[in-house]
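Open the model in your viewer and keep the sequence panel in sight. The tour goes stop by stop: select, look, move on.

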Amino acid sequence: MRRRVGIVGVGMSKFGKRDDVSVRELSWEAIMEALQDAGITQKDVDLVVAGSTAYRGVELYPAPPVSEYSSLTGKTPIRVEAACATGSAAAFTAINSIASGMVDVVLAVGFDKMTEVDTQTSLAIGGRGGNYEWEFHMYGTTFPAYYALYATRHMAVYGTTEEDMALASVKAHKYASMNEKAHLRNRVTVEDVLKSRVISWPIKLLDSSPISDGAAAVIFASEEKIRELNVDTPVWVEGIGYGSDTSSIARRGEWTSLRAARDAANMAYSQSKRSPRDVEYATVHDCFTIAEIMAYEDLGFAERGRGATLLREGQTEKGGKVAVNLFGGLKAKGHPLGATGLSMMYEVTKQLREEAGPVQQQFKNYVALTHNVGGTGHYAYVSILSR
C-alpha cells in the first residue's frame, strides 16, 4: 500500500555551541516550532521518530527524555541512527510509516549536542566513522582525512583546485551571514580559506563544517489528513531514495564519487519521475567543501569532473541554474549530525513556501531536492520535494 505524503510543519533550533540548553530543551525548540507551524498539538501526532547519534553527548539514550520533556511519551517507540544521515533516516522512517497506511501524522525530530566533549575526543569518535580495525586503529585515519583522500583524488583526476573548494566555503559563509539560526555567520574570502590552518591537506579549517549543537523537526501527514487539516501549502514528498556502501573506503574502487549518493539519487529521480534538470533548489551534504563539488556530480547537476565549474560560474548561487545551500550549508549553518537531514527538509520547505526571506530562490516549477550523506559514504538519502 502506498499513500501520498506531505510536510505540514517544520521547526529548527538555532545551531551552534548551545551551552544554554539541555538536549531536551534544544529539541523542544524545534518540536514546538513545528507543532505551531502545522497548527496541531501533541495529541494529533500518531508517531514520533527520533534521530540522534548521541556519540558526543551526556545523554546516550536521549529519545525517552526528549519525548517526555515534549509531552510525547507513549508515541516514540523508535530512535534511528545513520551517522551524518541520521535526520534523513528519521524522515525515511516517518514517510514510509504514513505511506504504508499504518499512521496519518508523524513527527520526525533530529538532535545532537556535539560540543559536550572536547575537540580531541570528538576527532577520535569521528575517526571511528569508517572501518575501525583497518582504518582508524591501524592508521589513525580521522574524518577530515577521509575527505582529504577524496579531494586529492578529485584534484589528480579532474584538475580540481584548492581555490575551487574555497569557493564553496565563501558561498556558504555568505548565505549563512543572512541566516539568524546559522552557527557561523562571518563572511570569508578565498584568501581567508587558503590561509586557514591545514587540518589534513588539502582540507583546511575553513573547508570544514563546524562541530555544532542543534535540532530540527518535520511533521509529515497523509494526503487525507492534510485535507482534513485544511493545509493550504503542503510540500509533497515525490520520492525518497537511499543507498549504502562498504565500511572501508579502500574497497570502493573510486574516490571521486559516492556510489551510495548516486544510487539514492537514481531511486529518488525514478520514484518522482523527475530528472536533475527539473531541480531548481537543492541542499547538499557539504561537510567539507570537496563534498559539495562531488555532490553536484553525483546528483547529475554537472558532468563527472565538472562540478567545480558550477561554483566558478556562479550557477549554484541564488538565481542560478540550481541554487544550492542558501541557508549556509553544513559548512556554515552547522552540522549537528542527528539534525542535519531534517534541517535540510526545513530549509527546502521554507524555500518552496516562499518563506526564505533574503535568500528566497525564485521558482518556476517548485521542485527541490535534499542530499544527505552518512559516514564516509556509508549511507545516503536523496529526496525530491515539490509544492
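Helices (H or I, at least four residues) and strands (E, at least two) are DSSP runs, numbered from the N terminus. This is a predicted model, in which local features need pLDDT of at least 70, side-chain atom pairs count only at pLDDT 80 or more, and totals for chains, interfaces and linings use all residues. Residues are numbered from 1 along each chain as its sequence is written, and side-chain values use heavy atoms, with hydrogens and water left out.

**Stop 1: the sheet**

Show the cartoon. Look for an open sheet of ten strands, with mixed pairing. Its order is 3-2-4-7-1-8-12-11-9-10. Two strands pair if DSSP finds at least two bridges between them. Strands of a sheet pair through backbone hydrogen bonds, either parallel or antiparallel.

Now select 78-80 and 323-324. These are strand 3 and strand 10, the edge strands. Each pairs on one side only.

Next, select residues 105-113 and 213-222, which are strand 4 and strand 7. They pair in the antiparallel sense over nine bridges. Pick out Asp112: Gly214 in strand 7 stands opposite.

**Stop 2: strand 8 and its neighbours**

Select 235-244 for strand 8. Buried means under 20% relative accessible area, exposed over 50%, and partly exposed in between (1.4 Å probe, protein chains only). Seven of the ten residues of strand 8 are buried, so this strand is largely enclosed by the rest of the structure.

Add strand 1, residues 5-12. Strand 1 and strand 8 pair in the antiparallel sense over two bridges. Ile7 has Val235 as its bridge partner in strand 8.

Then add strand 12 (379-386). Strand 8 and strand 12 are also antiparallel, paired over eight bridges. Ser244 has Tyr379 of strand 12 as its bridge partner.

Which helix lies across strand 8, strand 11 and strand 12? Select residues 259-272: this is helix 10. Helix 10 runs at about 145° to strand 8. Axes here are lines fitted to C-alpha atoms, for helices over the stretch in contact, and angles run from 0 to 180 degrees between N-to-C directions. Contact means heavy atoms within 4.5 Å.

**Stop 3: Ala295**

Go to helix 11, residues 289-298, and pick Ala295. Ala295 is buried, with a relative accessible area of 1%. Leaving aside residues up to four places away in sequence, Ala295 touches Val284 and His371. Draw a C-alpha distance to Val373: it reads 9.6 Å, across 78 residues along the chain.

**Stop 4: Gln361**

Move to the loop between helix 14 (337-352) and strand 11, where Gln361 lies. Is Gln361 buried or exposed? Its relative accessibility is 4%, so Gln361 counts as buried. Show its contacts, not counting residues up to four places away in sequence. Among them are Glu280, Tyr281, Lys318 and Gln351. Gly319 is another contact. The C-alpha atoms of Gln361 and Gly319 are 6.2 Å apart, with their positions 42 residues apart in sequence.

**Stop 5: loops with backbone features**

Select Trp201 and Pro202. The peptide bond from Trp201 to Pro202 is cis, with omega near 5°. Pro202 sits in the loop between strand 5 (198-200) and strand 6 (203-204).

Step on to Ser209, in the loop between strand 6 and strand 7. Ser209 counts as buried, at 18% relative accessibility. Its contacts are Cys287, Leu330, Lys331 and His335, not counting residues up to four places away in sequence.

Now check two phi values. Ala54 has phi near 60°, a positive value in a residue other than glycine. Find Ala54 in the loop between strand 2 (47-51) and helix 2 (63-69). Ala54 is buried, at 7% relative accessible area.

Asn230 has a positive phi as well, near 55°. Look in the loop between helix 9 (223-229) and strand 8. Asn230 is exposed, with a relative accessible area of 61%.

**Stop 6: Tyr139**

Finish on helix 5, residues 132-139, where Tyr139 is found. Tyr139 is exposed, with a relative accessible area of 64%.
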